[in-house]
Amino acid sequence: MRTFLVSLLLAVFLISTASAELLTTANPIGQGKWAFELLGLQNQNASNNSAYSQTAYGGYAGYGLTDKLDLLVNVASANMSGLPTGMEISGTAIGANLKYAVIEEAPVSVAVGLGYKSTNTTIKTITTTNTPGTQMMLGIGVSKIMAPFIPYGGVAYRKTASNGTDASTQLDGTIGSAIAWSKQGAIFIEYTLQSITLTGGTNYSSGQIALGVGYKI
């Protein structure tokens, strides 16, 4: 039972180290421009148990390769709480995403994207185990500039592997808004509902709240 629980929580950790990172708003950064964001995430109902939660902190650096194509690099660190006595799970993740703006404010912006993430998870029970993982992502998002607000929504499909073995598939639906305080800076707040199917057929939902601050130069 303990071995199954460790495997389940590992899969959940790999799933939950990101919000709508694939797209955020559908608006492009702009060729030759940089954008940065710091954010915190809170996941509830981890591994389909209301007692388990996960907190993550991370950051993004984005660069406009063209007027329509952006490259985003992200890093995150996370840990889980509410676990059984004697168990600790923490880890780090680093990833890269490409986002392409298909439509710009006509009358909304639409973007598509893909991403890849590499993780390393540390599980402490009687012994300490470090396990690598990967995640592939595909998504589409829509946003609309309604200054100072930029409401956005998106759908992302994720496939996660743990130590080279398929761990889960996932469909995320996200709604949120950027709230601009200047032409360069904005606060982001969003909610993501995750529908997760673990290898073996177990399916459940998990909610995630994210809060971030971004700046473009």
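**A ten-stranded barrel**

In this predicted model, 10 strands come together as a closed barrel, running in the order β1-β2-β3-β4-β5-β6-β7-β8-β9-β10 with antiparallel pairing. Going from one strand to the next, the twist averages 20 degrees. As a reminder of what holds such an arrangement together, the strands of a sheet pair through backbone hydrogen bonds, and they can do so in a parallel or an antiparallel way.

Take β3 and β4 to begin with. Strand β3 covers residues 69-81 and strand β4 covers residues 88-103; the two run antiparallel and are joined by 11 bridges. For a spot to look at in the structure, Asp 70 sits opposite Lys 99 of β4.

Further along the chain come β6, β7 and β8. Strand β6 (residues 128-143) runs antiparallel to strand β7 (residues 149-162), and 11 bridges link them. Here Val 142 has Gly 153 of β7 standing opposite. The two strands make a hairpin, with 5 residues lying between β6 and β7.

Strand β7 also pairs with β8, which spans residues 165-180; this antiparallel pairing extends over 14 bridges. Within it, Lys 159 has Thr 169 in β8 as its bridge partner. Another hairpin is found here, formed by β7 and β8 with 2 residues between them. In that turn, Asn 163 has a positive phi of about 55 degrees.

One last point helps when tracing side chains by eye: in a regular strand, they alternate between the two faces of the sheet.

Definitions and conventions: Residues are numbered from 1 along each chain as its sequence is written. This is a predicted model: local features need pLDDT of at least 70, side-chain atom pairs count only at pLDDT 80 or more; totals for chains, interfaces and linings use all residues. Side-chain values use heavy atoms; hydrogens and water are left out. Two strands pair if DSSP finds at least two bridges between them. Helices (H or I, at least four residues) and strands (E, at least two) are DSSP runs, numbered from the N terminus. Axes are lines fitted to C-alpha atoms, for helices over the stretch in contact, and angles run from 0 to 180 degrees between N-to-C directions.
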